[in-house]
Amino acid sequence: MSRKITFVLVTSLVLAMVLGGVVVANASIYQSKIVAVKGDPAGGFTNADLDGRYWFRRLEIENVEAPDREAAVIYGHIDFNGSGSFNINFSAFDSNGETGSGNFSGTYSVNSDGSCTLQIAGNPSTITGNISTDPDRSFVVLSDGYAGDDDGSYDIVAGIVTAVKAPTTPLSVADLNGTWRFRDLEIHDFEELDTDATICSITLNFNGSGNWDGTADCFDSDGSSDSGSASGTYTLNPAGNAFDFSVTGEPGVFLSAYPSRDRNTLIFTQGLIESDGDIDQTIATALKLNPTQKFTKADLTGRYWFRELALVDMELSSRKASVSNGFMDFSENGTWTGYYTSFWSDASTESGTISGIYSVNCDGSFTLTVTSESPSVTFYGNISSDGDTIILSIPGNDSDVGPCRKAMPGIPLLLLDE
């Protein structure tokens, strides 16, 4: 596990037993990443709210329960025309180590509540998502799950996408100054018998002039956990639209991060063939920490629309996964309720209601416990400084104790049925 920490530092699913309402017959290991954006009760969104260029990152998994399973990280940009059409330019890195690129087009529709649908020409699935409520519409989260024929074969596909709106003003190295909180989800050797997965909670510190250092807490699909630290440098890439990272002592590790227009969010992906031949794929989301802001439960009240990718028992022949979407309504008294729909890697679907409790730390970290299932399960998360975006993971406690923050106890590594 420790070999992975250095690169994930610069580099998610309805939990089956909790949000999906499934009780597993034996001990299972779950890994989940959730990204959510706040809803606007006033509504008023239109197609014009998706206008211009968005940089995107996607983690896609196919045929999880079959011997011919595959995965890919896909990255590039989407150009929306503001009136219902889009074009995508992308590159991809597959779980067999191959790369590719291309472009395609499609249509989109935005509903008044900020939800949206994208239809790619020739693809059997509809991608659905939600747009952030900030004035710039800086962040979009999307997902899809389908069973169908899009390349001459019958595949069961699930994916999660994060996208940030391209800045209109020039980026500078100083834009990353400060502390950022990451949640990432990784898969390793997905097409091999020894496939595994890792989920990490990461804190990175940028000095605003090209250097970074960080710490990570990671949980592996064999049930083990680990922590570590790393450092390196970062520069503005030649195109001036992203940041390139290197890791001290790891000459083969490089990746790029794209910031949102408001500079409060970063998105990462990584596709990497390690020196020992392992093939790794990662998707990560980061939120900037505001050291002077004191968060309370009031900063998390209202409706948040979420997308989740979850992995179950990735190291066993019984492995499975799900992609889910829904909403969570947070009240200021520390309780929440919600609704979800899930698409599973055997092509089955389910839906239901969920509820629980939550607490917010003054630095914007928070815990969310699902009490509508037994045993209850706790997610760990972070709130953006404007309150428009949240990220969560399980397992996912943080080891670092920032200003005004109390240390939180760890959570169980194995989630067992009753």
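Author: Two strands pair if DSSP finds at least two bridges between them; helices (H or I, at least four residues) and strands (E, at least two) are themselves DSSP runs, numbered from the N terminus. The structure discussed here is a predicted model, in which local features need pLDDT of at least 70 and side-chain atom pairs count only at pLDDT 80 or more, whereas totals for chains, interfaces and linings use all residues. Residues are numbered from 1 along each chain as its sequence is written, and side-chain values use heavy atoms, with hydrogens and water left out.

Reader: What makes up the secondary structure of the protein chain?

Author: The protein chain comes to one helix and 24 strands.

Reader: How do you know that strand 22 and strand 23 pair, and in which sense?

Author: Six bridges join strand 22 (residues 365-370) to strand 23 (residues 377-383) in the antiparallel sense, so the bridge criterion is met. Within this pairing, Phe-366 has Gly-381 of strand 23 as its bridge partner, and Leu-368 has Phe-379. The two strands form a hairpin with six residues between them.

Reader: What joins strand 23 to strand 24?

Author: Strand 23 and strand 24 (residues 389-394) share four bridges, again antiparallel, and therefore also count as paired. Ile-383 stands opposite Ile-390 in strand 24. This hairpin has five residues between its strands, and Gly-387 takes a positive phi near 75 degrees there.

Reader: Why is strand 23 described as largely enclosed?

Author: Six of its seven residues are buried, so the rest of the structure largely encloses strand 23. Buried means under 20% relative accessible area, with exposed over 50% and partly exposed in between (1.4 Å probe, protein chains only). Of the 418 residues of the protein chain, 58% count as buried.

Reader: Which strands close into a barrel with strand 23, and in what order?

Author: Eight strands close in the order 1-18-19-20-21-22-23-24, with antiparallel pairing. The twist averages 25 degrees from one strand to the next, where axes are lines fitted to C-alpha atoms, for helices over the stretch in contact, and angles run from 0 to 180 degrees between N-to-C directions.

Reader: In what order do the strands of the barrel that contains strand 8 and strand 9 close?

Author: That barrel has eight strands in the order 2-3-4-5-6-7-8-9, and its pairing is antiparallel. Neighbouring strands are turned by 25 degrees against each other on average, direction ignored. Strand 8 (residues 139-149) and strand 9 are joined by 11 bridges, and Asp-144 stands opposite Gly-159 in strand 9.

Reader: Why is the link of Cys-200 and Cys-218 called a disulfide?

Author: A disulfide is a pair of cysteine sulfur atoms within 2.5 Å; the sulfur atoms of Cys-200 and Cys-218 are 2.0 Å apart, so the pair qualifies. The structure holds one disulfide. The link is right-handed, with 110 degrees about the S-S bond. Cys-200 lies in strand 11 (residues 196-206) and Cys-218 in strand 12 (residues 211-220), so the bond ties together parts that are 18 residues apart in sequence. Both Cys-200 and Cys-218 are buried.

Reader: What makes the largest nonpolar core, and which residues have the most contacts inside it?

Author: A nonpolar core is a set of buried Ala, Val, Leu, Ile, Met, Phe, Trp, Tyr and Cys residues joined through side-chain atoms within 4.5 Å. The largest has 24 residues, and those with the most contacts inside it are Leu-59, Ile-61, Leu-185, Ile-187, Phe-190, Leu-309 and Leu-311. Strands that each supply at least two residues include strand 2 (51-62), strand 10 (178-188) and strand 18 (302-312). Strand 9 gives the most, with three residues. A second, separate core of 23 residues includes Ile-78, Ile-88, Ile-131 and Val-140.

Reader: Which residues does Phe-190 contact beyond its sequence neighbours?

Author: With contact taken as heavy atoms within 4.5 Å, and neighbours within four places in sequence left aside, the partners of Phe-190 include Ile-61, Val-64, Arg-69, Thr-195 and Met-314.

Reader: What makes the phi of Asp-189 worth remarking on?

Author: Most residues other than glycine have a negative phi. Asp-189 is not a glycine, yet its phi is positive, about 50 degrees. Asp-189 is found in the loop between strand 10 and strand 11. Asp-313, in the loop between strand 18 and strand 19, likewise has a positive phi, near 50 degrees.

Reader: How do you know whether Asp-189 and Asp-313 are buried or exposed?

Author: Relative accessibility is 8% for Asp-189, which therefore counts as buried, and 7% for Asp-313, which is buried on that criterion too.
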